[in-house]
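Subject: The structure we talked about

Hello,

Here is the structure I promised to pass on to you. Please open it beside this message, and then read on for what I found in it.

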Amino acid sequence: MTDEAKTRDNSSLPDKGAIEAGKVITAGLLKHVPAIVESCGATALFVYVDALDDPRLDLDLPVKAKVFYVSKERTDEAASECLHCLRVPDVPLTRIGRVKIAIFLALSRGLVKHKDRIVFLSGLAASKTLDTVIVTEVGREYEFFSSGMDLTDAPPKVLPEVIERVIDIASELGSEGREGKGVGAMFVVGDTDCVIPLTRQLVLNPFKGYLPSERNILDYSLEETVKELATLDGAFIVRGDGVIETCGAYVRTASQEEFELPRGLGSRHHAAAAITAVTGSLAVTVSESTGSVTIFRAGRIITEIEKPRSTGQKRMLSLIRHRKAKKTSTDS
Ligand SMILES: Nc1ncnc2c1ncn2[C@@H]1O[C@H](COP(=O)(O)OP(=O)(O)OP(=O)(O)O)[C@@H](O)[C@H]1O
(Lines give C-alpha, C1' and ligand atoms only; values in the text may rest on other atoms or scores of the structure.)
Protein backbone atom coordinates (compact mmCIF):
# COMPACT_ATOMS: atom_id res chain seq x y z
CA MET A 1 0.00 0.00 0.00
CA THR A 2 1.31 3.49 -0.81
CA ASP A 3 2.20 5.86 2.04
CA GLU A 4 -0.61 8.15 0.92
CA ALA A 5 -3.10 5.29 0.99
CA LYS A 6 -1.86 4.25 4.46
CA THR A 7 -2.38 7.77 5.75
CA ARG A 8 -5.84 7.79 4.17
CA ASP A 9 -6.69 4.47 5.84
CA ASN A 10 -5.21 5.47 9.21
CA SER A 11 -7.19 8.71 9.23
CA SER A 12 -10.38 6.67 9.13
CA LEU A 13 -9.34 3.92 11.56
CA PRO A 14 -12.36 2.75 13.57
CA ASP A 15 -12.41 3.07 17.36
CA LYS A 16 -12.34 0.03 19.68
CA GLY A 17 -16.13 -0.24 19.96
CA ALA A 18 -16.53 -0.18 16.18
CA ILE A 19 -13.88 -2.91 15.79
CA GLU A 20 -15.73 -5.13 18.28
CA ALA A 21 -19.04 -4.52 16.51
CA GLY A 22 -17.33 -5.31 13.18
CA LYS A 23 -16.07 -8.62 14.58
CA VAL A 24 -19.56 -9.62 15.69
CA ILE A 25 -21.06 -8.75 12.29
CA THR A 26 -18.26 -10.56 10.42
CA ALA A 27 -18.55 -13.69 12.58
CA GLY A 28 -22.33 -13.73 12.12
CA LEU A 29 -21.98 -13.49 8.37
CA LEU A 30 -19.20 -16.08 8.07
CA LYS A 31 -21.27 -18.59 10.06
CA HIS A 32 -23.84 -18.70 7.25
CA VAL A 33 -21.45 -18.68 4.30
CA PRO A 34 -20.99 -22.47 3.84
CA ALA A 35 -24.78 -22.91 3.66
CA ILE A 36 -25.15 -20.03 1.17
CA VAL A 37 -22.37 -21.43 -1.03
CA GLU A 38 -23.90 -24.88 -1.00
CA SER A 39 -27.53 -23.86 -1.55
CA CYS A 40 -26.62 -21.54 -4.45
CA GLY A 41 -24.45 -24.19 -6.09
CA ALA A 42 -21.54 -21.73 -6.12
CA THR A 43 -18.19 -22.99 -7.37
CA ALA A 44 -16.16 -20.05 -6.11
CA LEU A 45 -16.08 -17.95 -2.97
CA PHE A 46 -14.37 -14.56 -3.18
CA VAL A 47 -13.46 -12.84 0.08
CA TYR A 48 -12.29 -9.25 0.36
CA VAL A 49 -9.68 -10.00 3.02
CA ASP A 50 -8.69 -6.37 3.65
CA ALA A 51 -11.98 -6.15 5.54
CA LEU A 52 -10.78 -8.79 8.02
CA ASP A 53 -8.50 -8.37 11.00
CA ASP A 54 -6.65 -11.61 10.35
CA PRO A 55 -7.76 -13.66 7.33
CA ARG A 56 -6.04 -16.82 8.55
CA LEU A 57 -8.01 -16.90 11.83
CA ASP A 58 -11.35 -15.78 10.49
CA LEU A 59 -11.46 -17.74 7.30
CA ASP A 60 -11.50 -21.34 8.39
CA LEU A 61 -14.51 -22.05 6.20
CA PRO A 62 -15.49 -25.61 5.30
CA VAL A 63 -16.87 -24.67 1.86
CA LYS A 64 -17.18 -26.86 -1.20
CA ALA A 65 -15.87 -24.12 -3.49
CA LYS A 66 -12.57 -22.60 -4.55
CA VAL A 67 -11.73 -19.75 -2.18
CA PHE A 68 -10.18 -16.58 -3.63
CA TYR A 69 -8.64 -13.87 -1.48
CA VAL A 70 -9.21 -10.40 -2.88
CA SER A 71 -6.91 -7.67 -1.62
CA LYS A 72 -5.43 -4.30 -2.48
CA GLU A 73 -2.06 -5.37 -1.12
CA ARG A 74 0.73 -5.87 -3.59
CA THR A 75 2.91 -7.97 -1.29
CA ASP A 76 4.43 -11.24 -2.42
CA GLU A 77 3.62 -12.84 0.95
CA ALA A 78 -0.09 -12.42 0.25
CA ALA A 79 0.31 -14.28 -3.01
CA SER A 80 2.35 -17.12 -1.55
CA GLU A 81 0.15 -17.63 1.49
CA CYS A 82 -2.79 -18.62 -0.62
CA LEU A 83 -2.89 -19.98 -4.13
CA HIS A 84 -5.77 -17.88 -5.32
CA CYS A 85 -5.01 -14.29 -4.47
CA LEU A 86 -6.48 -11.58 -6.65
CA ARG A 87 -5.16 -8.08 -6.29
CA VAL A 88 -7.55 -5.22 -7.00
CA PRO A 89 -6.34 -1.65 -7.62
CA ASP A 90 -5.32 0.31 -4.53
CA VAL A 91 -7.87 3.08 -5.10
CA PRO A 92 -11.27 3.75 -3.54
CA LEU A 93 -13.77 1.39 -5.17
CA THR A 94 -17.45 0.74 -4.58
CA ARG A 95 -18.29 -2.76 -3.32
CA ILE A 96 -19.74 -3.59 -6.75
CA GLY A 97 -16.69 -2.14 -8.50
CA ARG A 98 -14.46 -4.42 -6.45
CA VAL A 99 -16.60 -7.44 -7.34
CA LYS A 100 -16.45 -6.59 -11.05
CA ILE A 101 -12.68 -6.14 -11.14
CA ALA A 102 -11.93 -9.27 -9.08
CA ILE A 103 -14.20 -11.50 -11.16
CA PHE A 104 -12.88 -10.03 -14.41
CA LEU A 105 -9.28 -10.72 -13.30
CA ALA A 106 -10.21 -14.27 -12.30
CA LEU A 107 -11.82 -14.76 -15.73
CA SER A 108 -8.78 -13.46 -17.56
CA ARG A 109 -6.60 -15.86 -15.57
CA GLY A 110 -8.94 -18.74 -16.40
CA LEU A 111 -9.68 -19.30 -12.68
CA VAL A 112 -13.43 -19.01 -13.17
CA LYS A 113 -15.50 -19.31 -16.30
CA HIS A 114 -18.65 -18.10 -17.94
CA LYS A 115 -21.82 -19.20 -16.07
CA ASP A 116 -19.91 -20.05 -12.87
CA ARG A 117 -21.85 -19.08 -9.79
CA ILE A 118 -19.85 -16.97 -7.37
CA VAL A 119 -20.41 -15.87 -3.79
CA PHE A 120 -18.56 -12.65 -2.98
CA LEU A 121 -18.06 -11.42 0.59
CA SER A 122 -17.25 -7.75 0.79
CA GLY A 123 -17.06 -4.92 3.25
CA LEU A 124 -15.08 -1.88 4.23
CA ALA A 125 -11.33 -2.21 4.81
CA ALA A 126 -11.34 0.77 7.17
CA SER A 127 -14.02 -0.73 9.44
CA LYS A 128 -12.54 -4.25 9.36
CA THR A 129 -16.00 -5.63 8.76
CA LEU A 130 -17.30 -8.13 6.22
CA ASP A 131 -20.91 -7.07 5.90
CA THR A 132 -22.03 -7.82 2.33
CA VAL A 133 -22.83 -11.04 0.47
CA ILE A 134 -23.24 -10.87 -3.31
CA VAL A 135 -24.22 -13.92 -5.30
CA THR A 136 -23.82 -13.75 -9.06
CA GLU A 137 -23.63 -15.98 -12.10
CA VAL A 138 -20.92 -14.79 -14.51
CA GLY A 139 -22.45 -13.28 -17.65
CA ARG A 140 -26.09 -13.53 -16.52
CA GLU A 141 -26.87 -10.03 -15.38
CA TYR A 142 -25.95 -6.77 -17.01
CA GLU A 143 -25.18 -4.97 -13.75
CA PHE A 144 -21.89 -6.83 -13.47
CA PHE A 145 -20.92 -7.90 -16.97
CA SER A 146 -22.30 -7.63 -20.46
CA SER A 147 -24.98 -10.32 -20.55
CA GLY A 148 -25.04 -13.08 -23.11
CA MET A 149 -21.33 -12.73 -23.86
CA ASP A 150 -18.93 -15.57 -23.14
CA LEU A 151 -16.35 -13.71 -21.11
CA THR A 152 -14.02 -16.69 -21.07
CA ASP A 153 -13.30 -15.75 -24.64
CA ALA A 154 -10.32 -13.63 -23.58
CA PRO A 155 -8.20 -11.98 -26.25
CA PRO A 156 -5.62 -14.44 -27.46
CA LYS A 157 -2.01 -13.98 -26.43
CA VAL A 158 -2.64 -11.26 -23.87
CA LEU A 159 -0.94 -12.04 -20.59
CA PRO A 160 -3.35 -11.79 -17.63
CA GLU A 161 -0.77 -9.71 -15.75
CA VAL A 162 -0.81 -7.17 -18.58
CA ILE A 163 -4.60 -6.86 -18.30
CA GLU A 164 -4.22 -6.50 -14.52
CA ARG A 165 -1.56 -3.79 -14.90
CA VAL A 166 -3.59 -1.80 -17.44
CA ILE A 167 -6.67 -1.93 -15.19
CA ASP A 168 -4.50 -0.80 -12.28
CA ILE A 169 -3.11 2.22 -14.10
CA ALA A 170 -6.51 3.08 -15.58
CA SER A 171 -8.18 2.89 -12.13
CA GLU A 172 -5.51 5.11 -10.60
CA LEU A 173 -5.88 7.66 -13.41
CA GLY A 174 -9.67 7.58 -13.04
CA SER A 175 -9.49 7.93 -9.28
CA GLU A 176 -6.67 10.44 -8.87
CA GLY A 177 -6.41 12.20 -12.24
CA ARG A 178 -3.27 14.24 -12.76
CA GLU A 179 -2.33 17.30 -10.70
CA GLY A 180 -5.87 17.67 -9.41
CA LYS A 181 -7.50 17.44 -12.82
CA GLY A 182 -9.49 14.58 -14.37
CA VAL A 183 -7.62 12.64 -17.03
CA GLY A 184 -9.10 10.52 -19.79
CA ALA A 185 -7.22 7.69 -21.48
CA MET A 186 -7.54 4.70 -23.76
CA PHE A 187 -5.45 1.52 -23.79
CA VAL A 188 -5.81 -0.92 -26.69
CA VAL A 189 -4.24 -4.21 -25.69
CA GLY A 190 -3.31 -7.18 -27.89
CA ASP A 191 -3.51 -8.03 -31.60
CA THR A 192 -1.28 -5.03 -32.35
CA ASP A 193 -0.48 -6.29 -35.88
CA CYS A 194 -4.11 -5.63 -36.80
CA VAL A 195 -4.60 -2.59 -34.53
CA ILE A 196 -1.64 -0.43 -35.62
CA PRO A 197 -2.68 -0.15 -39.30
CA LEU A 198 -6.02 1.23 -38.05
CA THR A 199 -4.37 4.10 -36.16
CA ARG A 200 -2.47 7.26 -37.00
CA GLN A 201 -0.14 9.23 -34.76
CA LEU A 202 -1.42 12.51 -33.35
CA VAL A 203 2.05 13.24 -31.92
CA LEU A 204 5.49 11.68 -32.51
CA ASN A 205 5.69 8.30 -30.80
CA PRO A 206 7.49 8.94 -27.46
CA PHE A 207 8.43 5.24 -27.19
CA LYS A 208 10.18 5.11 -30.57
CA GLY A 209 13.84 4.12 -30.37
CA TYR A 210 13.52 2.32 -27.02
CA LEU A 211 14.16 -1.41 -26.76
CA PRO A 212 11.04 -3.55 -26.10
CA SER A 213 12.46 -4.39 -22.66
CA GLU A 214 12.60 -0.66 -21.84
CA ARG A 215 8.96 0.05 -22.71
CA ASN A 216 7.03 -2.76 -21.07
CA ILE A 217 3.96 -1.67 -19.09
CA LEU A 218 4.71 -4.43 -16.56
CA ASP A 219 7.78 -2.44 -15.49
CA TYR A 220 6.64 -0.43 -12.44
CA SER A 221 9.30 2.22 -13.06
CA LEU A 222 7.33 3.26 -16.18
CA GLU A 223 4.15 3.98 -14.23
CA GLU A 224 4.69 7.74 -13.87
CA THR A 225 5.73 8.07 -17.53
CA VAL A 226 2.60 6.24 -18.68
CA LYS A 227 0.38 8.37 -16.42
CA GLU A 228 2.00 11.56 -17.69
CA LEU A 229 1.64 10.50 -21.33
CA ALA A 230 -2.02 9.69 -20.69
CA THR A 231 -2.62 13.45 -20.66
CA LEU A 232 -1.91 13.47 -24.43
CA ASP A 233 -4.79 12.99 -26.87
CA GLY A 234 -5.11 9.51 -28.34
CA ALA A 235 -4.58 5.92 -27.27
CA PHE A 236 -1.84 3.66 -25.93
CA ILE A 237 -1.31 0.61 -28.12
CA VAL A 238 0.04 -2.24 -26.00
CA ARG A 239 1.19 -5.67 -27.12
CA GLY A 240 -0.14 -8.78 -25.37
CA ASP A 241 3.20 -9.22 -23.61
CA GLY A 242 3.03 -5.67 -22.22
CA VAL A 243 5.39 -3.89 -24.65
CA ILE A 244 4.00 -0.42 -25.39
CA GLU A 245 4.13 0.12 -29.14
CA THR A 246 2.99 3.72 -29.07
CA CYS A 247 0.75 6.32 -27.44
CA GLY A 248 -0.97 9.43 -28.77
CA ALA A 249 -2.50 7.26 -31.48
CA TYR A 250 -5.80 8.20 -33.07
CA VAL A 251 -7.98 5.15 -33.65
CA ARG A 252 -9.63 5.34 -37.07
CA THR A 253 -13.06 3.89 -36.59
CA ALA A 254 -16.37 3.17 -38.21
CA SER A 255 -19.37 5.43 -37.69
CA GLN A 256 -20.79 5.65 -34.18
CA GLU A 257 -24.22 4.20 -35.03
CA GLU A 258 -22.78 0.71 -35.33
CA PHE A 259 -22.32 0.38 -31.59
CA GLU A 260 -25.05 0.22 -29.05
CA LEU A 261 -23.38 2.07 -26.23
CA PRO A 262 -25.15 3.82 -23.37
CA ARG A 263 -26.09 7.44 -24.07
CA GLY A 264 -23.60 10.08 -23.12
CA LEU A 265 -20.52 8.15 -24.16
CA GLY A 266 -18.49 10.13 -26.69
CA SER A 267 -15.88 9.47 -29.32
CA ARG A 268 -13.25 7.90 -27.02
CA HIS A 269 -15.64 5.16 -25.92
CA HIS A 270 -16.96 4.62 -29.46
CA ALA A 271 -13.40 4.31 -30.75
CA ALA A 272 -12.69 1.69 -28.07
CA ALA A 273 -15.79 -0.29 -29.05
CA ALA A 274 -14.93 0.01 -32.75
CA ILE A 275 -11.32 -1.14 -32.54
CA THR A 276 -12.28 -4.20 -30.48
CA ALA A 277 -15.04 -5.02 -32.98
CA VAL A 278 -12.66 -5.34 -35.92
CA THR A 279 -9.57 -6.74 -34.16
CA GLY A 280 -8.88 -9.30 -31.46
CA SER A 281 -7.89 -6.60 -28.97
CA LEU A 282 -9.26 -5.54 -25.61
CA ALA A 283 -9.68 -1.85 -24.83
CA VAL A 284 -9.75 -0.08 -21.48
CA THR A 285 -10.91 3.52 -21.28
CA VAL A 286 -10.83 6.09 -18.51
CA SER A 287 -13.47 8.78 -18.75
CA GLU A 288 -12.13 12.26 -18.18
CA SER A 289 -15.53 13.51 -17.09
CA THR A 290 -16.58 10.74 -14.67
CA GLY A 291 -13.37 8.83 -13.82
CA SER A 292 -15.12 5.55 -14.74
CA VAL A 293 -13.05 2.73 -16.18
CA THR A 294 -14.70 0.73 -18.98
CA ILE A 295 -13.50 -2.53 -20.50
CA PHE A 296 -14.41 -3.35 -24.11
CA ARG A 297 -14.18 -6.54 -26.11
CA ALA A 298 -15.66 -7.52 -29.50
CA GLY A 299 -17.36 -4.13 -29.94
CA ARG A 300 -19.16 -4.30 -26.59
CA ILE A 301 -18.76 -3.09 -23.07
CA ILE A 302 -17.75 -6.00 -20.88
CA THR A 303 -17.97 -4.04 -17.66
CA GLU A 304 -17.80 -0.53 -16.28
CA ILE A 305 -16.18 0.28 -12.96
CA GLU A 306 -17.65 3.46 -11.61
CA LYS A 307 -15.66 5.84 -9.48
CA PRO A 308 -17.17 6.04 -5.99
CA ARG A 309 -18.85 9.33 -5.28
CA SER A 310 -17.06 11.60 -2.87
CA THR A 311 -18.85 11.66 0.48
CA GLY A 312 -18.26 15.36 0.78
CA GLN A 313 -17.18 14.62 4.37
CA LYS A 314 -14.06 16.80 4.12
CA ARG A 315 -16.07 19.74 2.83
CA MET A 316 -18.67 19.26 5.58
CA LEU A 317 -15.98 19.19 8.30
CA SER A 318 -14.36 22.35 7.02
CA LEU A 319 -17.78 24.05 6.86
CA ILE A 320 -18.50 23.07 10.51
CA ARG A 321 -15.05 24.35 11.56
CA HIS A 322 -15.61 27.58 9.64
CA ARG A 323 -19.02 28.14 11.31
CA LYS A 324 -17.61 27.37 14.79
CA ALA A 325 -14.72 29.81 14.25
CA LYS A 326 -17.17 32.50 13.07
CA LYS A 327 -19.44 31.93 16.09
CA THR A 328 -16.49 32.16 18.54
CA SER A 329 -15.31 35.42 17.00
CA THR A 330 -18.84 36.99 17.18
CA ASP A 331 -19.31 35.72 20.79
CA SER A 332 -16.04 37.34 21.91
N1 LIG B 1 -10.78 7.82 -32.27
C2 LIG B 1 -10.06 8.19 -31.23
N3 LIG B 1 -8.84 7.67 -31.04
C4 LIG B 1 -8.11 8.04 -29.96
N5 LIG B 1 -8.51 8.92 -29.05
C6 LIG B 1 -9.72 9.49 -29.22
C7 LIG B 1 -10.56 9.15 -30.30
N8 LIG B 1 -11.70 9.87 -30.20
C9 LIG B 1 -11.57 10.62 -29.09
N10 LIG B 1 -10.38 10.38 -28.50
C11 LIG B 1 -9.87 11.01 -27.27
O12 LIG B 1 -10.95 11.20 -26.39
C13 LIG B 1 -10.97 12.55 -25.95
C14 LIG B 1 -12.36 12.92 -25.47
O15 LIG B 1 -13.31 12.78 -26.51
P16 LIG B 1 -14.89 12.73 -26.15
O17 LIG B 1 -15.17 13.70 -25.05
O18 LIG B 1 -15.66 12.82 -27.38
O19 LIG B 1 -14.96 11.24 -25.59
P20 LIG B 1 -15.80 10.58 -24.44
O21 LIG B 1 -16.04 9.19 -24.89
O22 LIG B 1 -17.00 11.44 -24.08
O23 LIG B 1 -14.76 10.54 -23.25
P24 LIG B 1 -14.74 11.31 -21.82
O25 LIG B 1 -15.76 10.63 -20.96
O26 LIG B 1 -13.32 11.12 -21.36
O27 LIG B 1 -15.05 12.77 -22.12
C28 LIG B 1 -10.41 13.32 -27.12
O29 LIG B 1 -9.89 14.57 -26.71
C30 LIG B 1 -9.32 12.39 -27.59
O31 LIG B 1 -8.15 12.56 -26.79
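Below I go through the sheets, the helices that pack on them, and two residues with unusual backbone angles. Please keep in mind that this is a predicted model.

**The five-stranded sheet**

A good place to start is the open sheet of five strands, whose order is β3-β2-β1-β4-β5 and whose pairing is mixed. Its edges are β3 (85–87) and β5 (129–137); each has a single partner strand, so one side of each is left without a neighbour in the sheet. On average, and ignoring direction, neighbouring strands here are turned by 20° against each other.

Within this sheet, β1 (residues 44–48) and β4 (residues 117–124) run parallel and are joined by four bridges. If you would like a residue pair to look for, Val-47 has Leu-121 in β4 as its bridge partner.

Two helices to look at next pack on this sheet. Helix α2 (residues 16–40) touches β1, β4 and β5, and its direction makes about 20° with that of β5. Helix α5 (residues 95–108) touches β1, β2 (66–71), β3, β4 and β5, with a direction at about 135° to that of β4.

**Where α5 meets α6**

How do the axes of α5 and helix α6 (residues 160–176) cross, and what is the angle? They come within 9 Å of each other and cross at roughly 160°. Since angles over 145 degrees count as roughly antiparallel, α5 and α6 are therefore roughly antiparallel to each other. Their crossing is right-handed.

On the α5 side, the contact is made by Ile-101, Phe-104, Leu-105 and Ser-108. From α6 come Pro-160, Ile-163, Glu-164, Ile-167 and Ser-171. Sorted by class, this contact of α5 with α6 has six nonpolar, two polar and one charged residues.

**The seven-stranded sheet**

Helix α6 also leads us to another sheet, as α6 lies across β6, β8, β10 (282–286) and β11 (293–297), running at about 175° to β6. These strands belong to an open sheet of seven, in the order β7-β9-β8-β6-β10-β11-β12, again with mixed pairing. Here the edge strands are β7 (199–201) and β12 (300–305), each of which pairs on one side only. Neighbouring strands of this sheet are turned by 30° against each other on average, with direction ignored.

Strands β6 (residues 185–189) and β8 (residues 235–238) run parallel, with three bridges joining them. There you can find Phe-187 opposite Phe-236 in β8. Helix α9 (residues 267–278) lies across β6, β9 (244–251), β10, β11 and β12, and runs at about 175° to β10.

**Two residues in loops**

Most residues other than glycine have a negative phi. Which residue in the loop between α5 and β4 is worth a look here? That loop holds Lys-115, which has a positive phi of about 75° although it is not a glycine. Lys-115 is exposed, with a relative accessible area of 56%.

The loop between α6 and β6 holds Glu-179. Glu-179 is not a glycine either, yet it has a positive phi of about 50°. Is Glu-179 buried or exposed? Its relative accessible area is 78%, so Glu-179 is exposed.

Enjoy exploring the model, and write back whenever you like.

Best wishes

Key. Residues numbered from 1 in each chain as written. Predicted model: local features only at pLDDT ≥ 70, side-chain atom pairs only at ≥ 80, totals over all residues. Heavy atoms only, no water. Pairing = 2+ DSSP bridges. Axes fitted to C-alpha atoms, helices over the stretch in contact; angles between N-to-C directions. Contact = heavy atoms within 4.5 Å. Parallel < 35°, antiparallel > 145°, perpendicular 65-115°, else oblique. Left-handed = near helix turned anticlockwise from the far one by under 90°. Nonpolar A, V, L, I, M, F, W, Y, C, P; charged D, E, K, R; others polar. Buried < 20%, exposed > 50% of the residue type's maximum accessible area, 1.4 Å probe, protein only.
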